[in-house]
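Colleague: I am new to this structure and would like to go through it step by step. Could we put it on screen and begin with what lies inside?

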Amino acid sequence: MSLRLASTSLVGNADLRNQYSRSVQVLVVGGGGGGGTSGTRAAGGGGGGGVVEQTLGITLGTSYTVTVGGGGAIAGAGTSSRFASVYAVGGGCGSLSGGVVGSSGGSGGGNATAAGSGRSPTVASAQGSSGGASSSLGSNAGGGGGAGAQGGDGSGTTSGSGGAGRASTIPAASTTYAGGGGGGGRVSAAITPGSGGSGGGGAGSTGSAVATAGTANTGGGGGGGAQDSAGTAGQGGSGVVV
């Protein structure tokens, strides 16, 4: 999609650009990552999309590329969002129940493979946070990272909650974005799934209930799937450009 700011006037184009060049605040949020799939292990929550706020100079009569990233499918990473030269990376997917590690992204997906950290953000400028760890292979799972905080670690009979998202400082978009998805539970061992992080993160699956998807237009990560169940994990929420 392309955004073009237009105006009509009797003055020349160069005068128009000089007269109507101005600074704007832009919020760009990548799509959230999907939760890991249900099956042989509790699965990690999806990471929230990256969040970038920046002030840019724009000019009337100039086209700017605008792309809103989609949320990741179950066990899939979210896609990046863009305004002009400003990019926000899509969130990483949660670790799969079969032991396959999740992916990095704007925020990393939660871990479900063994004790150890979740996946980290891919961007050095820290558009998000790392996913949480699992303390016990085959039982609990880590929550996906949020734009504002790391995903919670799984511990004992509880999977990690999704990390909190980041509140925008732009008045026109003053809400919280890109929370991480909660880790999935385990039916036979009564593992409680993690809750979604503030900013649109979805809750993990209990097995009897389907995991919650990340909220659309927030870049929230999807909840992880449950062990001992065909319960479905949650997809990531789409990003947004404001």
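Colleague: Which residues make up the largest nonpolar core?

Modeller: Please keep in mind that this is a predicted model. In soluble globular proteins, nonpolar side chains tend to be buried together. Here the largest nonpolar core has eleven residues, and these are Val26, Val28, Val52, Leu56, Ile58, Tyr64, Val66, Phe83, Ala84, Val86 and Ala88.

Colleague: Which strand gives the most to this core?

Modeller: At least two residues of this core come from each of strand 2 (22-29), strand 3 (51-58), strand 4 (63-67) and strand 6. The strand that gives the most, with three residues, is strand 3.

Colleague: How many residues are in the second, separate core?

Modeller: This second core is separate from the one just described, and it includes Val29, Ile170, Ala173 and Tyr177. Its size is nine residues.

Colleague: Are the rings of Tyr64 and Phe83 stacked or edge-to-face?

Modeller: Tyr64 is buried, with a relative accessible area of 12%, and Phe83 is buried as well, at 8% relative accessibility. Their ring centres are 5.9 Å apart, and since planes under 30 degrees apart count as stacked, the angle of 10° between these planes makes the pair stacked.

Colleague: How many residues apart in sequence are the parts that this pair ties together?

Modeller: Tyr64 belongs to strand 4, whereas Phe83 belongs to strand 5 (residues 81-83). The pair therefore ties together parts whose separation in sequence is 19 residues.

Colleague: Is Ser159 buried or exposed?

Modeller: Ser159 is placed in the loop between strand 6 (86-88) and strand 7 (166-167). Leaving aside neighbours within four places in sequence, its contacts include Asn140, Gly154, Gly184, Ile191 and Pro193. Because its relative accessibility is 3%, and the cut-off lies at 20%, Ser159 counts as buried.

Colleague: Which residue has its backbone nitrogen 2.9 Å from a polar atom of the side chain of Ser159?

Modeller: Among the residues in contact with Ser159, beyond its neighbours within four places in sequence, are Ala141, Gly183 and Thr192. The backbone nitrogen that lies 2.9 Å from a polar atom of the Ser159 side chain is that of Ala141.

Colleague: Where in the protein chain is confidence lowest?

Modeller: The protein chain has an average pLDDT of 84, and 83% of the residues score at least 70. Over residues 1-12 the pLDDT is below 50, although this stretch has 24 contacts in the model beyond near neighbours in sequence. Confidence is highest in strand 8 (residues 176-177), at 97, and lowest, at a mean of 43, in strand 1 (residues 2-4).

How values were computed. Residues are numbered from 1 along each chain as its sequence is written. This is a predicted model: local features need pLDDT of at least 70, side-chain atom pairs count only at pLDDT 80 or more; totals for chains, interfaces and linings use all residues. Side-chain values use heavy atoms; hydrogens and water are left out. Helices (H or I, at least four residues) and strands (E, at least two) are DSSP runs, numbered from the N terminus. Buried means under 20% relative accessible area, exposed over 50%, partly exposed in between (1.4 Å probe, protein chains only). A polar contact is a pair of N or O atoms within 3.5 Å; within protein, one must be able to donate a hydrogen and the other to accept it, and residues adjacent in sequence count only if both atoms are side-chain atoms. Contact means heavy atoms within 4.5 Å. A nonpolar core is a set of buried Ala, Val, Leu, Ile, Met, Phe, Trp, Tyr and Cys residues joined through side-chain atoms within 4.5 Å. pLDDT is the predictor's confidence in each residue, from 0 to 100. Rings of Phe, Tyr and Trp (its six-membered ring) pair if their centres lie within 6.5 Å; planes under 30 degrees apart count as stacked, over 60 as edge-to-face and the rest as tilted.
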